Amino acid sequence: MVTNGWEPSSPLRKPSLHSSPFSPLPPEKRRREAITAATCLTEALVDHLNVGVAQAYMNQRKLDHEVKTLQVQAAQFAKQTGQWIGMVENFNQALKEIGDVENWARSIELDMRTIATALEYVYKGQLQSAPS
C-alpha cells in the first residue's frame with residue numbers, strides 16, 4: 001500500500017473540518033457569527049463613545065449651572081453698583097449744596113461787613129459832626 005501521509009494513524013493526518021478556525025461552516029452559521037461579532041464590536045464602540053458623551057454631558061450641565069450662578073451674581077453686582085452710584089451722586093449733590101451754602105454764607109458775611117462798615121462810617125460821621 002502506498003502512503004501519502006494521510007493515513008489515520010499518521011501524525012500528519014488531515015485535521016477535522018470543524019477544528020480549524022478557517023474551516024468552512026454552513027453559510028447560515030457564518031452569517032450568525034458575523035452578526036454576533038459585528039454586534040459585539042458595535043456595542044464596544046458605542047460604549048466607548050458613550051463614556052465620552054456622558055462626560056461631555058456632565059461637563060455641559062456643570063457649565064450651565066456655573067453660567068446661571070454667574071448670571072445671578074452679575075445681576076446682584078449690577079444692582080449693588082447702581083446703589084453705590086446713587087450714593088455717590090447723592091454725596092456729590094450734598095457737597096455741592098454745602099458749597100452753595102458756604103458761598104451764600106460768604107456772600108452774607110461780605111454784605112454784613114459792608115453794612116457794618118457803612119454803619120461805622122455813619123456813626124463816626126455823626127460823632128464828628130455833633131457839636132461838642
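**Salt bridges along a single helix**

R113 forms a salt bridge with E109, and the closest N and O atoms of this pair are 2.7 Å apart in what is a predicted model. The two residues stand four positions from each other in helix α1, so that about one helical turn separates R113 from E109. With regard to the surroundings of this pair, R113 is exposed, its relative accessible area being 53%, whereas E109, at 39% relative accessibility, counts as partly exposed. The classification of R113 follows because exposed residues are those over 50% relative accessible area.

The setting of this contact is a chain that contains one helix and zero strands. Helix α1 spans residues 27–129, and the chain as a whole has 132 residues, of which buried residues make up 2%. The accessible surface of the chain comes to about 12,400 Å², and carbon and sulfur atoms account for 64% of that area.

Under the distance rule applied here, in which a side-chain nitrogen of Lys or Arg lies within 4 Å of a carboxyl oxygen of Asp or Glu, the count comes to five salt bridges. One of these joins K124 to E120, with the closest N and O atoms 3.3 Å apart. Both K124 and E120 belong to helix α1, where they are four residues apart, a separation of about one turn of the helix. In terms of solvent accessibility, K124 is partly exposed with a relative accessible area of 43%, and E120 likewise counts as partly exposed, at 44% relative accessibility. These two values lead to that class because partly exposed residues lie between the 20% limit for buried and the 50% limit for exposed.

A further salt bridge is formed by R31 and E28, for which the closest N and O atoms are 3.2 Å apart. In this case the partners are three residues apart in helix α1, and about one helical turn therefore separates R31 from E28. At 43% relative accessibility, E28 counts as partly exposed. The contact between R31 and E28 also belongs to a wider arrangement, since E28, R31 and R32 are linked in a network of salt bridges.

Taken pair by pair, the sequence separation within helix α1 is four residues for R113 and E109, four residues for K124 and E120, and three residues for R31 and E28.

Technical notes:
Residues numbered from 1 in each chain as written. Predicted model: local features only at pLDDT ≥ 70, side-chain atom pairs only at ≥ 80, totals over all residues. Heavy atoms only, no water. Buried < 20%, exposed > 50% of the residue type's maximum accessible area, 1.4 Å probe, protein only. Areas by Shrake-Rupley, 256 points an atom, 1.4 Å probe, with all protein chains shown as cover.
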